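Please open the structure in your viewer and keep the selection panel within reach. The tour below suggests what to select at each stop and says what is there.

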Amino acid sequence: MNTKQLILATLATAAISLMSASAAVAQDASAAPAPIPAADAAWAEKKVVTTCQWCHGAQGHSISPIYPALAGQKAWYVIEQLQAFRARTRADPWARGIMWGMAAQLTDAQIAALADYFSKQTPFYSTLAPAFDVPKTAEIQEGKSIYNDGVAATGVPPCSACHQAAAEGSDQFPRLAGQHASYLTKQLIALHNGTREQIVMNGIAAPLTVPQMEAVSVYLESLH
Amino acid sequence: MAKFNWLRINAWCGRGSVLAAVLLLGVVASRPAGALPLFARQTGAACAACHTFYPELTHFGRMFKLNGYQLDNGRDIEMITDEGKSVLGLPAVPNLALFIMADYVSFKKAVPDSQTPGANSLRDNIDFPYQVSLLYGGKIAPHFGAFAQVTYSNGADTFNIDNTDFRFANTIVLPNKQPLVYGVSINNNPSVEDPYNTTPAFGFPYLPPATFIPSLAAPIVEAGQAYEAAGPIAYILWNEQLYLAAGFYREARTGSSSPGNPLTGNFGPIDSTTGAVLAGNNAYWRLSYEYDIDRYALMVGTYGLKFKLYPGNGLPLSGATDNYTDVAEDFQFQFIGEHNTATLKGTYVKENQSLNASSAPSVGAASPHDWLSYATVDLTYWWERRLGFDVGFVNIHGSTDPVLYPSAPTQCIAGSGGTCGANLGTPGVGGVYNVGVTNSANSNPTTDAAIGEISYAPWLNVKFTLQYTHYTKFNGATTNYDGNHRNASDNDTTFLYLWYAM
C-alpha cells in the first residue's frame, strides 16, 4: 500500500466509523440488536417465500445474477439498504425500478425482521462461474490483486482493508464473498458514476476502470 | 389481448352465416393488448420487473400473476374487526390504466371491392385510434385480484369486454420452506389464466393488424371461443416450477343480436338463433414445468381442451354436437440479461374434430372427422428494452373438407368471377362480400406465414412497431388459392402501429 492508498483507506475507515458512530448515537443502538419478535420473524419468513424469493431466490440464494444473493448478508447492511430504498436515497437503476416499490410500505420492524432472516441463512456462494463462463483465471488473479493490494497507480486502496480478508464483511462493511459478479460490477459502475450514492465508495470507485471492476467482481464471485 | 387472428370460420360459417363470420371477424380481429401501468402503480415496480417487454412475462411477472395480482406496495384503505381480523384492504388509488393504439395497414395487393365487380378496395388504411382500452385490476382484496379490460375498437366501433380474469390465490409454505400456490381463476378466454407466452391468449403473434384477411381455420383453443365462454380454472404452482391447472368453460353469451331472444324481447337465454354454442361443461387443462438457472428460464408444457359445440344458427341447441379435442405441447426458453433479453418459444396444437352434428346430411354433410394442426415458433430479442426484433412462423395444416372450407362463396354477385351457380345475384343478408378472398379453391385450410417485427420503444410504455407478414401458403395453396387468381403472397400485410400505455 502506498502513501496515497494508505491515506484513502484510513480516511475511508474513519469516515465509515464516524458515520456509524453518529448513526449509533442518533438511534441509540446498542451493539447487540434487539431480538426479533416471533410474529415478525414468521412474517418475514412468509414474505421471503411469497415475494422476495421471486428474484432473490429461496433463502436468499438468488438464481439470476441480475439480483443479489442475500443469504448470509450482514443484518445491519440489509436494514440500511431497505431503508434507503424506502426513502428513495439508493437510486441505482434496479433499485429505482424494483426496490423502491418493494420497500415502500415496509415498517422498521418488518425491515429488521427481513434483515435478521437473511443474515441467518447459510451464506451464498455463486456456483455459476465455472458452469457458464469461460475460465477467467487471469481476470480472477487481477481481481485478487486489486482486492488485496488496491491499485497503486490510481490510488485505489485495498478492498480487503474494510471488507475483510475473506470478504466476509463486518459490523461496518457488507459481505461480498460469493456474490454474483455481474451484480457487483453493476454496483461498482453505479458507485463509480454516482447513480448510487455512498460517499466513501463513490470516491473509491471513481478511479476504477470497468475491466478492473469486472476483475474484482469475478474474484469475489470465485471465493468459496 | 389479441392473438393474431387466424379466425376460425367453422362449421357454422360453412353453413352460410357469412354475415356472422364477417361481424365476428370485425370484433375478434380487434382484440387489444394489455401491459399494465396499473400493476406498476400497485407494485411500485417498473414494467421491466414483470416483462422483458410487454406482453412477455418474466419469472417475476409470472409469480405476480399466479399469486393473484396481490403484490401491493401502495397504501391501502383498511378496516379491521375488534378482534383484529382484516375485513378490507383496498388499494387507496384505483388501479387503472389506459392503452391507446393507432395504426397503418397495407396489403401487398388490394382486395376486390365488395360491391362493384372489377374494382378494388383501398390497399391501405389508417385507424386512429385502432384500439382504446380501459384496464382495471390488481389487488381487489387480500387473496382476490383481477385483470379486466374493456376495449373500444375502431373496426367494430363498439366497446367490448376483452380478456378478463378474476382470481383467488393463496400460498402455503411447505415444511421444506417451498411455496405452494393454489388458486382459482374465473375468466373468459381459454389460457388467459396461463403465465407463459406460448399459450393462445398472450402468445405470438401478439397483435393482429387492424385490417387483415383471415385464413379459414385454426384450432378452437386459438381464441375460437374467446370472450364467448367463461369458467373456473383451478390451479396449483409448486415451488415456482410445476404448474397444473384444470377447469371447465361454459357458454357465456346472452344472444347474438339485439334484442337477444325474440321471445323474451331481452338478452338471453340464447337459442337456435345463435351459432356455435358450447354444450354443457367443457374441459381445459394445463401442465408445465419451469427450470431457472443463471439468467435463463426454460419451460416445457402441455395444454389442451375438449369442447363440444352445438352448430346452432337455426338448429336447436340439443342433440348431436361437434366435438373438438385440442392437445398442445409448448416450450419457452428465456434469457434475461442486464442489457439484452431473448426468448425462443413455440407451441404445437393438434386438434381432432368429431363433427357429429355438422356431418349430418341435413346439416351440411361435413366430414365426420377432420383435423387441424397449428404450429408457431418465434424468436424475440430486445436490446436495452429499447430496440426489439421478433421473427416467427405460423403454420396451419388440416384435412380437406369442401363443406367446412367451401371452394366458392355461398353468396355471389354477377361478374365476380366465382362459381355462383344458383346463388348468382342472390341478395344476401347484409349484402355481398369479397368473392374468394377468404375461400379455398381446394377446400384446404393450410396456411403458412412468416412474421417479422421491428420495434422501437423510446420509453417502456411507448412503442412503435413495424410488422410484416408474408404468406407462402394461404387457404390451401401458394398460387391462385381462391380460384380467382389471388396468390398467397398477395395477402402479405404491412402493419405499423403506435402503442401508448398510461
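Where is the place of B:P129 in chain B? Select this residue and you will find B:P129 in strand β4, which covers residues 124-141 of chain B. Before going further, please bear in mind that what you are viewing is a predicted model.

**Two cis peptide bonds**

While B:P129 is still selected, add B:F128, because the two are joined by a cis peptide bond whose omega is about 0°. Now select B:Y54 and B:P55, where the peptide bond from the one to the other is also cis, with omega near 0°. B:P55 does not have to be searched for in a strand, as its place is the loop between α4 and α5 of chain B. Most peptide bonds are trans, and most residues other than glycine have a negative phi.

**Two residues with positive phi**

Next, select B:H143, which is found in the loop between β4 and β5 (144-153) of chain B. Its phi is near 75°, a positive value in a residue that is not glycine. B:H143 counts as partly exposed, because 16 C-beta neighbours lie inside 10 Å. Then move to B:D294, in the loop between β11 and β12 (296-312) of chain B, where phi is near 50° and is again positive in a residue other than glycine. Is B:D294 buried or exposed? With 20 other C-beta atoms within 10 Å, B:D294 is buried.

**A strand with two partners**

Select strand β19 of chain B, residues 493-501, and look at its two faces. The covered face carries B:T493, B:F495, B:Y497, B:W499 and B:A501, whereas B:T494, B:L496, B:L498 and B:Y500 are on the uncovered face. In a regular strand the side chains alternate between the two faces of the sheet. Now add strand β3 of chain B, residues 96-107, which runs antiparallel to β19(B) and is joined to it by 9 bridges; in β19(B), B:T493 has B:F107 standing opposite. Strand β18 of chain B, residues 462-473, also pairs with β19(B) in the antiparallel sense, over 8 bridges, and here B:L466 stands opposite B:L496.

**Chain A and its helices**

Colour chain A by secondary structure, and you should find 11 helices and 0 strands. Of the 224 residues in this chain, 43% are buried, and among its contacts between residues at least 6 apart in sequence, 72% join residues at least 24 apart. For one pair that is far apart in sequence, select A:A39 and A:A113, which are separated by 74 residues along the chain but by 9.4 Å in space, C-alpha to C-alpha. A:A39 lies in helix α2, residues 38-56 of chain A, and it counts as exposed, because it has 10 C-beta neighbours inside 10 Å.

Continue with helix α3 (residues 75-86) and helix α4 (residues 93-103) of chain A, which pack at an angle of about 95° with their axes 7 Å apart. The two helices are therefore roughly perpendicular to each other. To see where they meet, select A:L82, A:F85 and A:R86 in α3(A) together with A:A95, A:M99, A:W100 and A:A103 in α4(A). By class, this contact has 6 nonpolar, no polar and 1 charged residues.

Keep α4(A) selected: 8 of its 11 residues are buried, so this helix is largely enclosed by the rest of the structure. Among the buried residues are A:W94, A:I98 and A:M102. The buried residues of α4(A) pack against α3 of chain A and also against α3 (37-43) and α4 of chain B.

**Where the chains meet**

Show both chains and select their contact, which takes 22 residues from chain A and 23 residues from chain B. On the side of chain B, the elements that give two or more residues are α4 (47-50), α5 (59-66), β6 (158-173) and β11 (282-293). The largest share, 3 residues, comes from α5(B), and the residues of this side divide into 11 nonpolar, 6 polar and 6 charged.

**Colouring by confidence**

Finally, colour the model by pLDDT. Chain A has a mean of 88, while chain B averages 85. In chain A, select residues 21-30, where pLDDT stays under 50 and the model has 1 contact beyond four places in sequence. For the complex, the predictor gives an ipTM of 0.88 and a pTM of 0.89.

Definitions and conventions. Residues are numbered from 1 along each chain as its sequence is written. Chains are lettered from A and ligands numbered from 1 in the order in which they are written. This is a predicted model: local features need pLDDT of at least 70, side-chain atom pairs count only at pLDDT 80 or more; totals for chains, interfaces and linings use all residues. Axes are lines fitted to C-alpha atoms, for helices over the stretch in contact, and angles run from 0 to 180 degrees between N-to-C directions. Helices (H or I, at least four residues) and strands (E, at least two) are DSSP runs, numbered from the N terminus. Angles under 35 degrees count as roughly parallel, over 145 as roughly antiparallel, 65 to 115 as roughly perpendicular and the rest as oblique. Two residues are in contact if their C-beta atoms, placed from the backbone, lie within 7 Å. Ala, Val, Leu, Ile, Met, Phe, Trp, Tyr, Cys and Pro count as nonpolar, Asp, Glu, Lys and Arg as charged, and the others, Gly among them, as polar. A residue is buried if 20 or more other C-beta atoms lie within 10 Å of its own, exposed if 12 or fewer, and partly exposed in between; C-beta atoms are placed from the backbone. pLDDT is the predictor's confidence in each residue, from 0 to 100. Two strands pair if DSSP finds at least two bridges between them.
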